[in-house]
Amino acid sequence: MSSKVKSADLAKIKILIYSSEILISYSPLGDEISPTEFPVIKNFVGLTITVPNKNFPHPFNYAIWLKKYCSKRRTTVLIPGQRFDLFGTRHGRGNGWYDRLLSQLPPHWQRIGVVTKENLIHSRL
């Protein structure tokens, strides 16, 4: 997997993840990258919470639960996407579930988009 990420970027990702107490991950759908493919995530020693990929609760209710459970802990959120740009714009599957979830999470939680190199766009989406 390291061939998909520049080593300097990988070092930054490692720092973000390893400095966290909680990692909010996801169960991949179809063509999404599985976060467990990345050694840096496999080796995380804190608590990992996985967002379900079926029987989703309402994203606002799920965000309330996450905030209650994780509010006093350093938390990093892994975010699936079909495309990301270098400016932080995310294109998902079009249903808006993750967008609604993310809108309710504390802004100081670190967020890492997970996408293939081919779907990381250098211009604005």
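Is Thr-76 buried or exposed? I looked this up first, keeping in mind that the model is predicted. Thr-76 has a relative accessible area of 0%, so I put it down as buried.

**Thr-76 and its surroundings**

I placed Thr-76 in strand 3. I then listed what Thr-76 touches, leaving out residues up to four places away in sequence. The list holds Leu-16, Ser-20, Ile-22, Leu-23, Ile-24, Gln-110 and Ile-112.

**The nonpolar core**

Ile-24, a contact of Thr-76, turned up again when I went through the largest nonpolar core. This core has 29 residues, and those touching the most other members are Ile-24, Leu-66, Leu-101 and Leu-105. I checked which elements supply at least two residues each to this core. I noted strand 1 (22-26), strand 2 (47-51), strand 3 (75-80) and strand 6 (110-114). The helices on that list are helix 2 (39-42), helix 3 (59-70) and helix 4 (97-104). As background, I wrote that nonpolar side chains tend to be buried together in soluble globular proteins.

**Helix 4**

I picked Leu-101 for a separate look. With residues up to four places away in sequence not counted, Leu-101 touches Pro-59, Tyr-62, Ala-63 and Leu-66.

Which residues of helix 4 are buried? I found Trp-97, Tyr-98, Leu-101 and Leu-102. They lie on the same side of helix 4, because they cover an arc of only 120 degrees around the axis. The general rule I had in mind is that an α-helix has 3.6 residues a turn, so residues three or four places apart point the same way. For the packing partners of the buried residues of helix 4, I recorded strand 1, strand 2, strand 3, strand 5 (90-91), strand 6 and helix 3.

**A surface patch**

I next turned to the surface. Leu-47, Trp-65 and Tyr-69 form a nonpolar patch there, and together they have about 290 Å² of accessible area. I located Leu-47 in strand 2. Its relative accessibility is 36%, so I entered Leu-47 as partly exposed.

**Salt bridges**

How many salt bridges does the structure hold? I noted four.

Glu-21 and Arg-74 form one of them, with 3.7 Å between the closest N and O atoms. Glu-21 is in the loop between helix 1 (7-18) and strand 1, and Arg-74 is in the loop between helix 3 and strand 3, so the pair ties together parts 53 residues apart in sequence. I entered Glu-21 as partly exposed because its relative accessibility is 33%.

I then followed Arg-93. Its side chain meets that of Asp-31 in a salt bridge at 2.9 Å, N to O. This pair links distant parts of the chain, with Arg-93 in the loop between strand 5 and helix 4 and Asp-31, 62 residues apart from it, in the loop between strand 1 and helix 2.

Arg-93 also meets Glu-32 in a salt bridge, at 3.4 Å, N to O. Glu-32 lies in the loop between strand 1 and helix 2, and this pair is 61 residues apart. Through shared partners, salt bridges join Asp-31, Glu-32 and Arg-93 into one network.

I closed by noting the accessibility of each network member:

- Asp-31 has a relative accessible area of 56%, so I marked it exposed.
- Glu-32 has 13%, so I marked it buried.
- Arg-93 has 42%, so I marked it partly exposed.

Terms used
Residues are numbered from 1 along each chain as its sequence is written. This is a predicted model: local features need pLDDT of at least 70, side-chain atom pairs count only at pLDDT 80 or more; totals for chains, interfaces and linings use all residues. Side-chain values use heavy atoms; hydrogens and water are left out. A nonpolar core is a set of buried Ala, Val, Leu, Ile, Met, Phe, Trp, Tyr and Cys residues joined through side-chain atoms within 4.5 Å. Buried means under 20% relative accessible area, exposed over 50%, partly exposed in between (1.4 Å probe, protein chains only). Helices (H or I, at least four residues) and strands (E, at least two) are DSSP runs, numbered from the N terminus. Contact means heavy atoms within 4.5 Å. The arc is that of the directions from the helix axis to the C-beta atoms. Patches are made of residues with over 30% relative accessible area and no salt bridge: like charges are joined within 9 Å, nonpolar side chains (Val, Leu, Ile, Met, Phe, Trp, Tyr) within 5 Å. Accessible areas come from the Shrake-Rupley method with a 1.4 Å probe; for residues, only the protein chains shown count as cover.
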